[in-house]
Amino acid sequence: MDAYLWRHLEDQFAKLAGQYGYDEIQTPTFEDTDLFCRTSGDTSDIVTKQMYTFEDKGARSMTLKPEGTAPVMRSVLEHSLLQQGSVLKLWYFTTIFRYERPQKGRYRQAHQLGCELLGSASPQADAEIIEIATRFYQGLGLKGVVASINCIGRQETRARYRDALLQHAAGYLAGLDQEARDRVQKNPLRLLDSKDPAAIEALAGAPSVLDYLEDSSRAHFDQLQSLLTDASIPYQIAPEIVRGLDYYTDTVFEVLSTDLGAQSALCGGGRYDGLVKDMGGPDTPSVGFALGIERCCLVMQSQGLIPEPQCPDAVVVCASPEAESAVRQLAARLRTAGLSAQHDLSGKSLKGQLKWADKVRARYAIIIGADELAAGNATLRTMASGEQSQVPLDGIEGRLRS
Ligand code: AMP
């Protein structure tokens, strides 16, 4: 039922991404499991709890794609898509699979649209990525779209911040089992991403990562903010946003919606300067985002923004059996002229065909019967007003277009 809406979203996204110079990339449904373990981080929820992993007949461990970025990077490297020193811009539409507890806005098979910008370390690239995500939602008419942005720095920041965070959450950590404690020790930032109510409580009043940034990260974040302001992109700083995957550096962002309840993230992304290098490629600073189609549909629904499905330009109505062939030929001619036209295939009466034209919300019904055939005419009925007139069959396409 939502298929036409998905098509609409994908078309809008492709058009928008195209305006910024992004080309589409498609990646396989499953990849070597190792790809996600290496890139998402072996302490991430995705890797530890959510992957659909299976062994193929060649005893290789394969995993259904839980996210879109790592497969894109693998593809770029494998097929040498990136010229050294240049920028590569890609967009994708992908199915993702995550073993999560299904609820409103969270499914085990979900769909994402996303962009990846490879080869630029400039804050302009971060700003462009955030701009595309924002413009996409604005273009759909979503109200109150604000990007929540944060900077999580690099290694030096993490090392300093880690100690402060662990100290703040010491009481909470003492109550965890060894495995969970080990995970937090390995990547304390992950604590900020935790959905566990006890963790959320323990982190109230925790120090902000923004107070621990190295100079280059701070400068990058400041520039990003002025670029967003210049481009009139609504944003707010949200120090609690860290994102679930290990590969992020500096900028991270989400677009949230209060229309979504517990699953409030519409979209998320950020900068991952080390990812391509970690995968064995050249140093390739990159930034990207992914947005969930299902959640976008939910918000559109709750804000009354679902567009009407496209209606046919014309239903060609057969008013007597000898007109059947002329009806088929006219419908074909209209389609050749780029219009959408249908005719009855189920033997409906004249009245039944007109009722059907009304139901499918055709702009026009074009009626051909014995009299029209003899005169080389058709009866053109404007469905909205019910007005009818006799028009020559020749050149009727032009009339419909205007
Ligand atoms: P992530 O890759 O987790 O950053 O997700 C990016 C976006 O994809 C989120 O903001 C959601 O809109 C959407 N998303 C992620 N996981 C799911 C899921 N299990 N079900 C539905 N949408 C999802």
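**Figure 1. Strands S9 and S10 pair in the antiparallel sense over six bridges, with strand S9 covering residues 249–256.** The view is taken from a predicted model. Within this pairing, Val255 of the one strand stands opposite Cys267 in S10. On the other pairing shown here, S10 is joined to S11 by five bridges, and these two strands also run antiparallel, with Gly270 standing opposite Gly288 in S11. Strand S10 is mostly covered, since six of its seven residues are buried. In a regular strand the side chains alternate between the two faces of the sheet.

**Figure 2. Surroundings of Glu254, a residue of strand S9.** With a relative accessible area of 13%, Glu254 is buried, the cut-off for that term being under 20%. When neighbours within four places in sequence are left aside, the residues in contact with Glu254 are Val146, Ala147, Ser148, Ile241, Arg243, Ala265, Cys267 and Gly268. Of these contacts of Glu254, Cys267 is also the residue in S10 that stands opposite Val255, and Arg243 is also listed among the closest residues to the ligand.

**Figure 3. The ligand and the residues around it.** The ligand is surrounded by 15 residues, of which the closest are Arg98, Glu100, Tyr107, Arg243 and Leu266. An N or O atom in the side chain of Glu100 is 2.7 Å from a nitrogen atom of the ligand. Two further contacts involve oxygen of the ligand: a polar side-chain atom of Gln112 lies 2.9 Å from an oxygen atom of the ligand, and a polar backbone atom of Ala265 is 3.2 Å from an oxygen atom of the ligand. Glu100 also takes part in a salt bridge with Arg106, in which the closest N and O atoms are 3.9 Å apart, and both Arg106 and Glu100 are buried.

**Figure 4. A network of salt bridges links Asp126, Arg154, Asp250, Arg271 and Asp273.** The structure as a whole holds 18 salt bridges. In the network, the side chains of Asp126 and Arg271 meet at 2.7 Å, taken from N to O. Asp126 belongs to helix H5 and Arg271 to strand S10, so this pair ties together parts that are 145 residues apart in sequence. Both partners are buried by relative accessible area, Asp126 at 1% and Arg271 at 0%.

**Figure 5. A salt bridge between Glu128 and Lys89.** The closest N and O atoms of Glu128 and Lys89 are 2.9 Å apart. Because Glu128 lies in helix H5 and Lys89 in strand S5, the pair ties together parts that are 39 residues apart in sequence. Glu128 has a relative accessibility of 19% and therefore counts as buried, the limit for that term being under 20%.

**Figure 6. Helix H12, residues 293–302, is largely enclosed by the rest of the structure, because eight of its ten residues are buried.** The buried residues in H12 are Ile293, Glu294, Arg295, Cys296, Cys297, Leu298, Val299 and Met300. These residues pack against two helices, H1 (3–19) and H5 (123–140), and against the strands S5 (88–97), S6 (109–118), S10 (265–271) and S11 (286–292). An α-helix has 3.6 residues a turn, so residues three or four places apart point the same way. After H12 comes Gly304, whose phi is positive, near 65 degrees.

**Figure 7. An open sheet of five strands, in the order S13-S12-S14-S15-S16, with mixed pairing.** Strand S13 (341–343) and strand S16 (388–392) stand at the edges and have a single partner strand each, so one side of each is left without a neighbour in the sheet. Direction ignored, neighbouring strands of this sheet are turned by 30 degrees against each other on average. Within the sheet, strand S12 (residues 314–318) and strand S14 (residues 364–368) run parallel and are joined by five bridges, and Val315 stands opposite Ala365 in S14. Helix H14 (residues 350–359) lies across S12, S13, S14 and strand S15 (377–382), and runs at about 175 degrees to S12.

Definitions and conventions:
Residues are numbered from 1 along each chain as its sequence is written. This is a predicted model: local features need pLDDT of at least 70, side-chain atom pairs count only at pLDDT 80 or more; totals for chains, interfaces and linings use all residues. Side-chain values use heavy atoms; hydrogens and water are left out. Buried means under 20% relative accessible area, exposed over 50%, partly exposed in between (1.4 Å probe, protein chains only). Helices (H or I, at least four residues) and strands (E, at least two) are DSSP runs, numbered from the N terminus. Contact means heavy atoms within 4.5 Å. A salt bridge is a side-chain nitrogen of Lys or Arg within 4 Å of a carboxyl oxygen of Asp or Glu. Two strands pair if DSSP finds at least two bridges between them. Axes are lines fitted to C-alpha atoms, for helices over the stretch in contact, and angles run from 0 to 180 degrees between N-to-C directions. A residue is near a molecule or strand if one of its heavy atoms lies within 4 Å of it. A polar contact is a pair of N or O atoms within 3.5 Å; within protein, one must be able to donate a hydrogen and the other to accept it, and residues adjacent in sequence count only if both atoms are side-chain atoms.
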